[in-house]
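This report goes through one protein model, part by part. Please look over the sequence and the structure before reading on.

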Amino acid sequence: MKTPALRSFLSAVAFLSTAIPALHAQAPAPPAKVPWKLIKPQTPAGFTTVTKDVVVYPEHTVTLTLYIPDKAGKYPAVLDIHGGGWKQRQVEQDRPMMERLAARGFVTGIVSYRLSTEAKYPAAINDCKAAVRYLRAHAAELKIDPERIGAMGGSAGGHLTALLAMTNGLPEFEGDGPNREQSSAVKAAIVLAGSPDLVTSNKEKSGEGVVTFLGATYQEKPELYVQASPLSHVRAGVPPTIFIEGEKDTVKIGRAEMQDKLRALGIETDLHTLKDAPHPFWMSQPWCDETVDIAAAFFKKHLGEPTP
């Protein structure tokens, strides 16, 4: 015979045996992991890819890999500065991004600058300046409107992009490359996951990459770290500069401070954080397309559309 207590216990067991599976069934599934999908270069239809020599040095020939529309017209241009810790050449990895951006109505180019293992700072920024001057000197041949040139780059290339933009008009950064009669100024810039403050990030402990790039530790040459930091050169007249970063990447030292300086001067700036994006997000999908969407809108705003 079942006692009242036993009947209550059995009822509770029966309830739990049906309720617990139901609770499990209603629990939300864990979020799906966003896949890392690398993309391969492929020249878009209606474009021709060419490689031009900017300047020849014993250690490296600085080149531009360019995407030029077949259709006649004058196009705004965007120069890409690749990443790789200043010591790895990553032109191929940036090509898919610049191919997609070209298809939005631009001439795009990727500069292959001297790496830190080939020549110390300021060689890399000198080469980026020379690349912009080359675009202006050969504007007619390349279908470029020389008054409408912007720049973008990721990681170490983001640092160099910010340095290029913040040093518009400063002759000490030009170097000894050709076409010195041309301006190396850019009209707009996008920094992808780049740190604009080499001082704060290296004051206590300089990493191997930055020491190779600059040729000294912060303790040895603090003034060099100040000079090579884009944050040091923010001033009236520098171009609109926005930042794109990955949600899963590390915080980029100096970016917030640089934006504060830009805003204080009334210069347009913004931050776009891509959900679930790692470093370097612009080399893989879905973040490459997201980056191009942001870049195309920003550059069209400041560089405009192609003209007949």
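## Loop residues and backbone angles

Lysine 143 sits in the loop that connects helix H4 (139-142) with strand E6 (144-154). The model is a predicted one. The phi angle of lysine 143 is near 65°, which is a positive value in a residue other than glycine. With a relative accessibility of 22%, lysine 143 counts as partly exposed.

Asparagine 179 also has a positive phi, of about 60°, although it is not a glycine. Its place is in the loop between H5 and E7. At 18% relative accessibility, asparagine 179 counts as buried, because the cut-off for buried is under 20%.

Valine 186 belongs to the loop between H5 and E7. Its relative accessible area is 5%, so valine 186 is buried. Between valine 186 and alanine 165 there are 6.1 Å in space from C-alpha to C-alpha, while the two are 21 residues apart in sequence.

Two peptide bonds that lead into prolines are cis, and the table lists them with their loops.

| Cis peptide bond | Omega | Place of the proline |
|---|---|---|
| Histidine 279 to proline 280 | about 0° | loop between E9 and strand E10 (284-285) |
| Glutamine 285 to proline 286 | near 10° | loop between E10 and helix H10 (287-303) |

## The open sheet

How are the strands of the open sheet ordered? There are eight of them, in the order E2-E3-E5-E4-E6-E7-E8-E9, and their pairing is mixed. Strand E2 (47-56) and strand E9 (269-274) are at the edges; each has a single partner strand, so one side of each has no neighbour in the sheet. On average, neighbouring strands of this sheet are turned by 20° against each other, with direction ignored. Strands of a sheet pair through backbone hydrogen bonds, and they may do so in a parallel or an antiparallel way.

Strand E5 (residues 107-112) is largely enclosed by the rest of the structure, because six of its six residues are buried. Its two faces are both covered. Val107, Gly109 and Val111 are buried on one side, and Thr108, Ile110 and Ser112 are buried on the other.

Which strands pair with E5, and in which sense? Strand E3 (residues 61-69) runs antiparallel to E5 and is joined to it by five bridges. In this pairing, leucine 66 is opposite glycine 109 of E5. Strand E4 (residues 75-81) pairs with E5 in the parallel sense, also over five bridges. Here valine 78 has threonine 108 in E5 as its bridge partner.

Further along the sheet, strand E7 (residues 189-192) and strand E8 (residues 241-246) form a parallel pair with four bridges. Leucine 192 has isoleucine 244 in E8 as its bridge partner.

## Two helices

Helix H2 covers residues 91-102, which makes 12 residues. At 1.5 Å a residue, H2 should span 16 Å, and the 15 Å between its end C-alpha atoms agrees with this. Nine of the 12 residues of H2 are buried, so the helix is largely enclosed by the rest of the structure. The buried residues are Val91, Asp94, Arg95, Pro96, Met97, Met98, Glu99, Leu101 and Ala102.

Helix H3 (residues 123-137) has 15 residues. From its first C-alpha to its last, H3 reaches 20 Å, close to the 21 Å expected at 1.5 Å a residue. H3 is mostly covered, with 14 of its 15 residues buried.

## The largest pocket

Rolling a probe the size of a water molecule over the atoms shows where empty space is left. In this model, the largest pocket holds about 280 Å³ of space. It is lined by 14 residues, and those closest to its centre are Trp86, Ser195, Leu198, Ser201 and Asn202.

Which helices each supply at least two residues of the lining? They are helix H5 (156-166) and helix H6 (198-202). The largest share of the lining comes from H6, with three residues. By type, the lining divides into five nonpolar residues, eight polar residues and one charged residue.

Terms used. Residues numbered from 1 in each chain as written. Predicted model: local features only at pLDDT ≥ 70, side-chain atom pairs only at ≥ 80, totals over all residues. Heavy atoms only, no water. 1 Å grid on protein atoms, 1.4 Å probe; cavity = no way out; pocket = protein on both sides within 12 Å on 5 of 7 lines; lining within 4 Å. Points joined across faces, edges and corners; volume = space filled by probe spheres on them. Nonpolar A, V, L, I, M, F, W, Y, C, P; charged D, E, K, R; others polar. Expected span 1.5 Å × (residues − 1). Buried < 20%, exposed > 50% of the residue type's maximum accessible area, 1.4 Å probe, protein only. Pairing = 2+ DSSP bridges. Axes fitted to C-alpha atoms, helices over the stretch in contact; angles between N-to-C directions.
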